[in-house]
Amino acid sequence: MSQKDVLRPGHVGIRVMDLDEAVRHYTDHVGLIETARDREGRVYLKAWDEYDWFSLVLREADESGMDFMAFKVRDAEALARLEQALAEFGCRVERIPAGELAHCGERVRFDSPTGHHFELYAEKDFYGNEVGTTNPEAFVDTVGGMAANRFDHCLLYGTDLDGSLRLFREVLGFDLAEQVLDGETLVGAFLSCSNKAHDIAFIRHDEPGRLHHVSFLLDSWEEVLRAADIMSKYGISIDIGPTRHGITRGKTIYFFDPSGNRNEVFAGGSTWYPDHPTITWTADSLGKAIFYHDRVLNENFLAVVT
């Protein structure tokens, strides 16, 4: 299956327990822009440098966590090819009609061995970014907070890591950019469908379908430090950082939304090309792999998921 069929991460749907608080967090603090609400009460948001109508969907629920993560595919023919391949792999596949999510075309939803639900889509309405496409400015001063550039990736925890690795590599055409091994056992997989360090990552876990974090891109280490200042000013719960990773080399800070979903903003990171070898981290170096400066594992960081 051609890797070019899947272009990039498109959106993520997360559950929040207080919708108004969540909207304030993601707009006033993370710096996203609200673009729509629908009859089901869902709220749609995007980052300032994204063209699509939305990249984050918030749904009020009794429990926090992730409903689904979606990827943009090249066209309707690619969507049909992948739908058939997913069914042949053994996924439960559902075709969802256009308009079920506002401003989004038909979607193919499928489950995974790690217990997560994913979607593919070929069409989504353009909203436009905040600087336009003719003689654009290099930055914006119309959004506040951390002014995240884009939704970048998710890190997910689940049971059958080997099965989801096969699904994403053999069916969806992702590359394994980095991996974590404990002896012969794969415990972490960082997968790319582009030339980014990763577009999605998985960690082996004893519960299926868990969300570790939703990540947003910033431009620089200085913007990560400014994000930390914003978190302290507004009393946002900080998890870890500012620091950097050995895995992916990203400069990062982790924090929580009001419902307990972990967020990340980060800058930098390594570049992936399909002819590169997979980078391997071993369990005895896991502290340095995750927190390059401290070189010590943080059990809460590893264990707290939604």
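This is a short talk about the overall build, the aromatic rings, the cysteines and a few odd backbone spots of one predicted protein model.

Okay, hi everyone. Before the details, the ground rules: this is a predicted model, where local features need pLDDT of at least 70, side-chain atom pairs count only at pLDDT 80 or more, and totals for chains, interfaces and linings use all residues. Residues are numbered from 1 along each chain as its sequence is written, and side-chain values use heavy atoms, with hydrogens and water left out.

Let's start with the whole thing. The protein has six helices and 17 strands. Those come from DSSP runs, numbered from the N terminus: helices are H or I with at least four residues, strands are E with at least two. If you put a box around the C-alpha atoms along the principal axes, you get roughly 50 × 50 × 45 Å.

So what is the radius of gyration of the protein? It's 18 Å, which agrees with the value near 19 Å for a compact globule of 306 residues. That radius is taken over C-alpha atoms, and the globule rule is 2.2 Å times the number of residues to the power 0.38.

Now, burial. Of the 306 residues, 56% count as buried. Buried means under 20% relative accessible area, exposed means over 50%, and partly exposed is in between, with a 1.4 Å probe and protein chains only. The accessible surface adds up to about 13,300 Å², and 46% of that belongs to carbon and sulfur atoms. The areas come from the Shrake-Rupley method with a 1.4 Å probe, and for residues only the protein chains shown count as cover.

How about contacts? Take those with a separation of 6 or more: 67% of them are between residues 24 or more positions apart. A contact here is heavy atoms within 4.5 Å.

Next, the rings. How many aromatic pairs does the structure hold? There are 15. To pair, rings of Phe, Tyr and Trp (its six-membered ring) need centres within 6.5 Å; planes under 30 degrees apart are stacked, over 60 edge-to-face, and the rest tilted.

Take Trp53 and Tyr127. Their ring centres are 4.9 Å apart and their planes are at 85 degrees, so that's an edge-to-face pair. This one links distant parts of the chain, 74 residues apart: Trp53 is in the loop between strand 3 (43-46) and strand 4 (56-60), while Tyr127 is in the loop between strand 8 (117-121) and strand 9 (150-158). Tyr127 is partly exposed, at 34% relative accessible area.

Phe291 and Phe301 are edge-to-face too, with 5.0 Å centre to centre and 65 degrees between the planes. Phe291 is in the loop between helix 5 (286-290) and helix 6 (299-303), and Phe301 is in helix 6. Both Phe291 and Phe301 are buried.

There's also a cluster: Phe71, Phe110, Phe118, Phe168, Phe174 and Phe202 form one aromatic group. And some rings have a charge for company. The charged end of Lys124 is over the ring of Phe54, 4.0 Å from its centre, and Arg107 lies over the face of Phe68 at 6.0 Å from the ring centre. The test is NZ of Lys or CZ of Arg within 6 Å of the ring centre and within 35 degrees of the ring normal.

On to cysteines. How many disulfides does the structure hold? Zero. A disulfide would need a pair of cysteine sulfur atoms within 2.5 Å. For Cys154, the nearest cysteine sulfur is that of Cys193, and it is 13 Å away. Cys154 counts as buried at 0% relative accessibility, and Cys193 counts as buried at 6%.

Now the backbone oddities. The peptide bond from Gly241 to Pro242 is cis, with omega near 5 degrees, and Pro242 is in strand 14 (residues 238-244). His103 isn't a glycine, but its phi is positive, about 65 degrees. You'll find His103 in the loop between strand 6 (93-96) and strand 7 (107-111), partly exposed at 29% relative accessibility. Arg249 also has a positive phi, near 65 degrees, and its place is the loop between strand 14 and strand 15 (250-256).

Last stop, Trp221, in helix 4 (residues 221-233). Trp221 is partly exposed, at 30%. Which residues does Trp221 contact, leaving aside its neighbours within four places in sequence? They are Pro242, Thr243, Lys251, Thr252 and Ala267. So our cis-bond proline, Pro242, turns up again. Trp221 and Ala267 are 46 residues apart in sequence, yet 6.0 Å apart in space, C-alpha to C-alpha.
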